[in-house]
Amino acid sequence: MAKKALVSIVMGSKSDEGHLEPAFKLLDEFGIAWESRALSAHRQPDELREYIDSAETEGIRIFIAAAGLSAALPGVIAAHTHKPVIGIPVPGGPLKGIDALLSIVQMPGGIPVATVGVGSHGPKNAAVLAAEILALNDEVVLEKLRAYRAGFK
Ligand code: RP5
């Protein structure tokens, strides 16, 4: 039987998907079940809200949210959940991701988004951070993280 997803990766647009490949790959490497959705905070606000509620009910423990331009998505998800939210600024558009970085990182007090970097290391670090959170209660994931670091040369 397929494992139930623990991590949800939400992107603002299907066009963000290619940038997120390193996160998909690493979560697979860590043996963490995940699911993904393309739902824009600006274009599909009602569907996004419904999805957050149902994902929580289904057992999602961590949200990873990626968006470019005026990237409200991670913050909006954080506003609707008490689960940790990791934000990935997608480098697109004329400002090359600086707009998304500032939109995601500058959250008002009380509604944090753990924000990773703009480049290709961003999605990677989002997956590692999600694994580290899950590893607090999961020895198997902790072992995978140890093996991952042991592979650094
Ligand atoms: C953001 O606008 C998305 O996250 C994406 O990075 C950017 C462009 O979206 P599309 O116009 O390609 O759908 O909301």
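Helices (H or I, at least four residues) and strands (E, at least two) are taken from DSSP runs and numbered from the N terminus.

**Figure 1. Overall arrangement of the protein chain in the predicted model.** The protein chain holds six helices and five strands. Read from the N terminus, its elements follow the order β-α-β-α-β-α-β-α-β-α-α. The radius of gyration of the protein chain is 15 Å, close to the 15 Å that the globule rule gives for 153 residues, so the chain is as compact as a globular protein of that length. Along the principal axes, the C-alpha atoms of the protein chain fill a box of roughly 40 × 35 × 30 Å.

**Figure 2. The ligand and its surrounding residues in the largest pocket.** The ligand sits in the largest pocket. Around the ligand are Gly12, Ser13, Ser15, Asp16, Arg43, Ala67, Gly68 and Leu69. Sorted by class, this shell consists of two nonpolar, four polar and two charged residues.

**Figure 3. Polar contacts of the ligand with Ser15, Arg43 and Gly68.** In the side chain of Ser15, an N or O atom lies 2.7 Å from an oxygen atom of the ligand. The side chain of Arg43 likewise places an N or O atom 2.7 Å from a ligand oxygen atom. At Gly68, a polar backbone atom is 3.0 Å from an oxygen atom of the ligand. On its own, the ligand has 360 Å² of accessible area, of which the protein covers 71%.

**Figure 4. Surroundings of Asp28 in helix α1.** Asp28 belongs to helix α1, which spans residues 21-29. The side chain of Asp28 forms a polar contact of 2.8 Å with the side chain of Trp34. Asp28 and Ala127 are 99 residues apart along the chain, and their C-alpha atoms are separated by 9.6 Å.

Technical notes:
Residues numbered from 1 in each chain as written. Predicted model: local features only at pLDDT ≥ 70, side-chain atom pairs only at ≥ 80, totals over all residues. Heavy atoms only, no water. Near = heavy atom within 4 Å. Polar contact = N/O pair within 3.5 Å; in protein donor to acceptor, adjacent residues only side chain to side chain. Areas by Shrake-Rupley, 256 points an atom, 1.4 Å probe, with all protein chains shown as cover. 1 Å grid on protein atoms, 1.4 Å probe; cavity = no way out; pocket = protein on both sides within 12 Å on 5 of 7 lines; lining within 4 Å. Sits in = over half its atoms within 2 Å of the grid points. Nonpolar A, V, L, I, M, F, W, Y, C, P; charged D, E, K, R; others polar. Rg over C-alpha atoms; globule rule 2.2 N^0.38 Å.
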